[in-house]
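Q: Got a model here I'd like to go through. Can you take my questions as they come?

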Amino acid sequence: TNGTPSETKPPKQIDRVILYIDDLDRCKPHDVVRVLQLVHMLLAFELFVVVVAVDARWVEEALINSYKWLASEEEAEAAPVAQPEGEQPKPPRVSSHVTPQDYLEKIFQISFWLEPMTSARAASYLGSLVRPQDGSKAASAQPRSADSSVTADGKIDISTTELDYMRALAAYVGPSPRRVKRLVNAYRLIKARLSNSQLETF
């Protein structure tokens, strides 16, 4: 403004680069191992922090599929070994088998294990997905279309009685939160297809 060149601030230095990896258990075993190798390379630089959300069972199977020497000792001992004639059998050696867990420990420094989905947790999670409404209040506050249970704003009404039944069913849909959410979505789709006359006997 006064004829002097404006001062430019130097670019801010990056302290950390955080990389989030999800749905790794949907990839092919070869791709899973390749991603693990790349993660290991990135972690050699202090600049990078990598957070991986994955089913550990799938990663272990992918490692065994790519590296046969990571298979369990039972599988390794199942393969017959030819013994030369006249040679005494070798005594069993002390176990030094390398497991997939050993492989992963060299990559991941901190592991967080989610607790299993119990019946109580499944019911609680289902309750967080559904917001029940009283039937009489919902009918007056949310006008319905002429032939469906969908309100004018596109929402599906779920009563407290329906929620109680859904909570009881949540314990049997499986240990995955994804399955609980699938139950809620399936129920809403079924209810959305019903007319008002069908809802009276639903």
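Q: Which residues form the nonpolar patch on the surface?
A: Ile18, Tyr20, Val49 and Val51. Together they have about 380 Å² of accessible area, by the Shrake-Rupley method with a 1.4 Å probe, where only the protein chains shown count as cover for residues. Patch residues have over 30% relative accessible area and no salt bridge, and nonpolar side chains (Val, Leu, Ile, Met, Phe, Trp, Tyr) are joined within 5 Å, like charges within 9 Å. A salt bridge is a Lys or Arg side-chain nitrogen within 4 Å of an Asp or Glu carboxyl oxygen.

Q: Which strands supply the nonpolar patch?
A: β1 (17-22) and β2 (48-53), with at least two residues each. Strands are DSSP runs of E, at least two residues; helices are H or I, at least four; both are numbered from the N terminus.

Q: What's the sourcing?
A: This is a predicted model: local features need pLDDT of at least 70, side-chain atom pairs need 80 or more, and totals for chains, interfaces and linings use all residues. Residues are numbered from 1 along each chain as its sequence is written, and side-chain values use heavy atoms, with hydrogens and water left out.

Q: Back to β2. Why does valine 49 count as partly exposed?
A: Because its relative accessibility is 32%. Buried is under 20% relative accessible area, exposed is over 50%, and partly exposed is in between (1.4 Å probe, protein chains only).

Q: And what does valine 52 touch, leaving out residues up to four places away in sequence?
A: Ile21, Leu24 and Phe108. Contact means heavy atoms within 4.5 Å. Valine 52 also lies in strand β2. The C-alpha atoms of valine 52 and isoleucine 21 are separated by 4.7 Å, though the residues are 31 apart along the chain.

Q: What's odd about aspartate 23?
A: Aspartate 23 is not a glycine, yet its phi is positive, about 60°. Most residues other than glycine have a negative phi. Aspartate 23 lies in the loop between β1 and α1 (29-42).

Q: Switching ends. Is serine 195 buried or exposed?
A: Buried, because its relative accessibility is 17%. Serine 195 sits in the loop between α8 (177-192) and α9 (196-199).

Q: Which side chain does serine 195 pair with in a polar contact?
A: That of serine 197, at 3.0 Å. A polar contact is a pair of N or O atoms within 3.5 Å; within protein, one must be able to donate a hydrogen and the other to accept it, and residues adjacent in sequence count only if both atoms are side-chain atoms.

Q: How many helices and strands are in the protein?
A: 9 helices and 2 strands.
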